[in-house]
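Me: Please take a close look at the largest pocket of this protein, and then describe its surroundings in one connected account.

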Amino acid sequence: MTHTLSVLVENRPGALARVSNMFARRGFNIESLAVGPTERANVSRITLRVDCAQESIEQIEQQMH
């Protein structure tokens with residue numbers, strides 16, 4: 001099943017790498033990825049699509065928090 005996630009992260013070097021590495025360690029392929037600014041200068045939004053089971057995405061969401 002394909003899931004679309006939107007994640008707010010601090011606008012700091014390495015933030016994208018930390019998020020994408022969580023998927024890579026589990027062997028999930030990121031189908032699409034976009035990063036952009038938000039209305040807050042120190043916060044960026046990462047939007048990604050990944051194909052994985054619902055249980056897996058729930059585990060990743062908990063780990064991101």
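Reply: The largest pocket and its surroundings

The largest pocket has a volume of about 200 Å³ (the space filled by probe spheres set on the grid points, which are joined across faces, edges and corners). A pocket is an open set of points on a 1 Å grid over the protein atoms alone where a 1.4 Å probe fits, with protein on both sides within 12 Å along at least five of seven lines; lining residues have an atom within 4 Å of a point. The model is predicted, so local features need pLDDT of at least 70 and side-chain atom pairs pLDDT 80 or more, whereas totals for chains, interfaces and linings use all residues. Residues are numbered from 1 along each chain as its sequence is written, and side-chain values use heavy atoms, without hydrogens and water.

The pocket is lined by Leu5, Ser6, Val7, Leu8, Val9, Val19, Met22, Glu61, Met64 and His65. Two or more lining residues come from each of E1, H1 and H2 (DSSP runs numbered from the N terminus: helices, H or I, of at least four residues; strands, E, of at least two). With five residues, E1 gives the most to this lining. Sorted by class, seven lining residues are nonpolar, two are polar and one is charged (Ala, Val, Leu, Ile, Met, Phe, Trp, Tyr, Cys and Pro are nonpolar; Asp, Glu, Lys and Arg charged; the others, including Gly, polar).

The largest nonpolar core has 14 residues, and Phe23, Leu48 and Val50 have the most contacts inside it. Such a core consists of buried Ala, Val, Leu, Ile, Met, Phe, Trp, Tyr and Cys residues joined through side-chain atoms within 4.5 Å. Two or more residues of the core are supplied by each of strand E1 (2–10), helix H1 (15–25), strand E3 (43–51) and helix H2 (54–64). H1 provides the largest share, four residues. Valine 50 touches Met1, Thr2, His3, Phe23, Phe28, Asn29 and Ile57, apart from residues up to four places away in sequence (contact: heavy atoms within 4.5 Å).

Histidine 3 belongs to strand E1 and is buried, at a relative accessible area of 10% (buried: under 20%; exposed: over 50%; partly exposed: in between; 1.4 Å probe, protein chains only). A polar atom of the histidine 3 side chain lies 3.0 Å from the backbone oxygen of cysteine 52. Beyond four places in sequence, histidine 3 touches Leu48, Arg49, Val50, Cys52, Ala53, Gln54 and Ile57.

Threonine 2, also in strand E1, is partly exposed, with a relative accessible area of 36%. Beyond four places in sequence, threonine 2 contacts Glu31, Arg49, Val50 and Asp51. Its C-alpha is 8.2 Å from that of alanine 53, although the two residues are 51 residues apart in sequence.

In strand E3 lies serine 44, which counts as buried because its relative accessibility is 9%. The side chains of serine 44 and asparagine 11 are joined by a polar contact of 3.4 Å (N or O atoms within 3.5 Å, one able to donate a hydrogen and the other to accept it; residues adjacent in sequence count only if both atoms are side-chain atoms). Among the residues that serine 44 touches beyond four places in sequence are Val7, Leu8 and Val9, each of which also lines the pocket.

Serine 32, in strand E2 (residues 30–37), is partly exposed at 35% relative accessible area. Beyond four places in sequence, serine 32 touches Thr47, Leu48 and Arg49.
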